[in-house]
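Good morning, and thank you for coming. I would like to take a few minutes to introduce a structure that is new to this group.

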Number of protein chains: 4
Amino acid sequence: MKTTEIKKVADVELKNPILVEGFPGLGMVGSIATKYLVKQLKTKKLALLHSPYFPYHVIVNKKGSARLLRGEFYYWKNETGENDLIFLVGDSQPQTIEGQFEVANSILDFAEKKKVKTVVTIGGYRNEVEETPNVVAVATNPVLYENALKSKALPSEAGTPIVGTAGLLLGLAKFRNLDAVCLLGETRGYLPDPKTAKHVLEILKELLNIDADLDGLDEEIERSKEILGRMRDIEKRRVKYMQKMRRVEEERITYIS
Amino acid sequence: MKTTEIKKVADVELKNPILVEGFPGLGMVGSIATKYLVKQLKTKKLALLHSPYFPYHVIVNKKGSARLLRGEFYYWKNETGENDLIFLVGDSQPQTIEGQFEVANSILDFAEKKKVKTVVTIGGYRNEVEETPNVVAVATNPVLYENALKSKALPSEAGTPIVGTAGLLLGLAKFRNLDAVCLLGETRGYLPDPKTAKHVLEILKELLNIDADLDGLDEEIERSKEILGRMRDIEKRRVKYMQKMRRVEEERITYIS
Amino acid sequence: MKTTEIKKVADVELKNPILVEGFPGLGMVGSIATKYLVKQLKTKKLALLHSPYFPYHVIVNKKGSARLLRGEFYYWKNETGENDLIFLVGDSQPQTIEGQFEVANSILDFAEKKKVKTVVTIGGYRNEVEETPNVVAVATNPVLYENALKSKALPSEAGTPIVGTAGLLLGLAKFRNLDAVCLLGETRGYLPDPKTAKHVLEILKELLNIDADLDGLDEEIERSKEILGRMRDIEKRRVKYMQKMRRVEEERITYIS
Amino acid sequence: MKTTEIKKVADVELKNPILVEGFPGLGMVGSIATKYLVKQLKTKKLALLHSPYFPYHVIVNKKGSARLLRGEFYYWKNETGENDLIFLVGDSQPQTIEGQFEVANSILDFAEKKKVKTVVTIGGYRNEVEETPNVVAVATNPVLYENALKSKALPSEAGTPIVGTAGLLLGLAKFRNLDAVCLLGETRGYLPDPKTAKHVLEILKELLNIDADLDGLDEEIERSKEILGRMRDIEKRRVKYMQKMRRVEEERITYIS
């Protein structure tokens, strides 16, 4: 393997397939959302992506075996709708600029071979989240953009950069005259965020007109709330301590000067 | 897109064209100056430059669409003078050493195809600016250098490095036996500096013997003055605070020892 | 040399050879273990690996000569058993991601040319070591994994990353349908650790069914104990000093507030 | 220019030429020594080396012109001795690992085309220098090594790494079966060190059996002594200040606890 390689695992004909990508990123939003659908929809493995631009280590699994970091394509036959789906999940973002471009180009080469016309990428954007996290849409095509807004995504602000594979696929898809839309869920970003992932999936379901039970994410959401609660307690104590220290320091200055 | 690609958008014959480059850099001097002329002269789009060496994100625009970072070439038909102009503006400097060289070489390949014989690059150099910012010239050719000085650019000091695309185009142009001149405006550099950009443009107008109203920059200059004023207030308060702290510290040392 | 090159030094037929790799890494476990066997078994030089991805310096030897950093392959004719052995030792890990993948691929290309079917890699993993350091196994093949466990290696925990050449060879071997097993010795990791290396070798001897006297490592183990003892004394004093400082600081705060 | 390029400037036959390299490095020892000989021996320009691995800026000269960073080859016809000389000086070390290897390989390709059989590289090694700086030799060939020691170079210690072009040329020359010797002058390294450069040249003169007046370096040595003197004063004051601060701090701790 000298360059990025995609090896197919299954040989299937897909009906007007749409590619849905969710590599790890801010709050793991894309990763959590895509992996959930891969399980929930009982998808099947389609292909594996290996690349010398993934970090140079292997991951050990439960059976004492190890494998390279990789991307995994899964397919889902849509019995009732117009578009079969291809999902892409992965262990890591490609490293280095060259790697980012090479991997994104390889993904689109593969997608075009599979006759994909539309690409959906999922990611997060950093923000202080109120009760319900917002989801914004960006698209290379006005019709797709309108559809995303109709599915209750919010319009995105001009100027926001979308970093990494989710962004590059969008930009490179446009460059190749493919349609692409990116759904970005609002997240604090420093912890895996299943809640935001669920909100993105609600919009994705409408956008792609598919049916999938999202309740399976609720347990994960509960767990992440607990972790967040504990981290906030730690943070509060830290802030309090810092304030005390500053007060002490100020008093000393006042006292001495 | 595996390497830098330039796709032409318009198919025009240009008359002894001169290339004027202004990628983002110190004080955004080149960028502001070149983008201003692109608008003011009502230029038309000539070509787009994409490269895997630009940062791996996309930029979202006002209509919710997104695109890769890129360079844009514009052309201007010079009705009265000898030379048509090609402008090159961009979103970013290429990243990595390899990227800098590859993009600069691609630009010159394209320029040579368009029969460009002379290249003008615009940038900034860091200095404490007095009332009127200086503009210095560097050129690969004595005649061009003389012309720049006649247009009231100042001679540059030996030894100054010119970093990035503005410098590399100069060096690589010389390497290819193209003429090139670089105009560098003096700037503090930590904020966009339309005032310096205006001064560069005044010299550029004389050098290229073109006519362009520069008053449109004045509003931007006013705005940047206000920002600068506010930043200076903050800085003054910071310095004052630091001085106080140092005094307190010194007194304490005196007191204890 | 523009890419990684392996030059053979000896021309031998090897009987079902197994490759044993030990590049420098955590606690130098792989390096110490492999180099010890290279000497102890009176192996002979088989080939040299040079690469533009090793650090760009040369090493001076005792005779005032210098050479590039490199990898060295040695072979050992197994008179009584089924498998001859090839050992790979080296001066350094390859630098950069690209380098890691290129060198690992070159090693496997060479191994396959030599008809290697099984690869053993040796490394360390960071842990606070009790009296006897543990050795865990990871393998690409269940039979090999079972054999490693029978040889008293412990099962590894899922999720552990194995970084660098030891890990990549494992992952890339699997990718090429070669069998591979990695033995990782527990080590504090900040000093060369011959004790852990010895424990790894005890397991390796059983796994490969070879006979080698390991007592030669005991002197090195004694020396490293002394160094460790001295470093612990320094550390203890440092901790004590830090505690005193913190106490002082706390008292001051109590005193002032 | 996509890769390193060497363009010849003069077309000469050289008699058993020896290449003497001195790129910038520790204390600028190699650079100062080689550039001095280039002037002193009235050498002529032979070729220019350009590379996309030099830093991406240009250097402005006294006439307001600019050029890329580069390497320069000069030749010297040795009227009385056996070997003509080729000197290589440069503005910078190549950047990145790949660059280091590519440039060193290009230099040796060129040298071999010119029928060079022996390469001399010059550099510095960091040490606290007594009155007279030592010069050590490292060579790929025992005869050359002996000659260097006879010319009063000292034997080098095993294990020292020689970093950068001076080292890589040595290692890659050996790899190509060329003879090579490296002379390393002892230097504090943080300032240009003409004194050490002069000592290296004294040994180089004997080694190559050439005659060159080295007194021209004395003025530069005087200037560097003054700078060093001033820097030492600053350093002394800094140390004194630090000691005072530490004393104050300790007293405070004693006082409070």
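I shall begin with one chain and then turn to the contacts between chains.

Please bear in mind throughout that this is a predicted model. Let us start with chain A, which has 257 residues. Its secondary structure comprises six helices and twelve strands. Taken along the principal axes, the C-alpha atoms of chain A fill a box of roughly 80 × 45 × 35 Å. What percentage of the residues in chain A is buried? The figure is 56%. As for contacts within chain A, consider those with a sequence separation of 6 or more: residues 24 or more positions apart account for 76% of them.

I now come to the interface of chain A and chain C. Here 29 residues of chain A are in contact with 31 residues of chain C. The area buried between the two chains is about 2,600 Å², and carbon and sulfur atoms give 66% of that area.

Which residues form a salt bridge across this interface? They are A:Lys2 and C:Asp109, with the closest N and O atoms 3.8 Å apart. The count of salt bridges between chain A and chain C is one. In addition, six residue pairs are found in polar contact across the interface, both residues of each pair being at pLDDT 80 or more.

Which elements of chain A supply at least two residues each to the side that touches chain C? There are strand S1, residues 5–8, strand S4, residues 57–60, and strand S5, residues 66–68, together with helix H6, residues 218–256. Of these, H6(A) provides the largest share, namely five residues. Sorted by class, the side of chain A that touches chain C holds twelve nonpolar, eight polar and nine charged residues.

Strand S4 of chain A deserves a further word. S4(A) pairs with strand S11 of chain C, residues 161–163, in the antiparallel sense and over three bridges. Within that pairing, A:His57 has C:Val163 of S11(C) as its bridge partner.

Finally, I turn to pairs of chains that do not touch. No contact joins chain A and chain D, and their closest C-alpha atoms lie 14 Å apart. Chain B and chain C do not touch either, with 14 Å between their nearest C-alpha atoms.

To close, I would ask you to look once more at the boundary of chain A and chain C, where S4(A) and S11(C) pair in the antiparallel sense and A:Lys2 forms a salt bridge with C:Asp109. Thank you for your attention.

Terms used. Residues numbered from 1 in each chain as written. Chains lettered and ligands numbered in written order. Predicted model: local features only at pLDDT ≥ 70, side-chain atom pairs only at ≥ 80, totals over all residues. Heavy atoms only, no water. Contact = heavy atoms within 4.5 Å. Buried area = accessible area lost by both parts, 1.4 Å probe. Salt bridge = Lys/Arg side-chain N within 4 Å of Asp/Glu carboxyl O. Polar contact = N/O pair within 3.5 Å; in protein donor to acceptor, adjacent residues only side chain to side chain. Helix = DSSP H or I, 4+ residues; strand = E, 2+ residues; numbered from the N terminus. Nonpolar A, V, L, I, M, F, W, Y, C, P; charged D, E, K, R; others polar. Pairing = 2+ DSSP bridges. Buried < 20%, exposed > 50% of the residue type's maximum accessible area, 1.4 Å probe, protein only.
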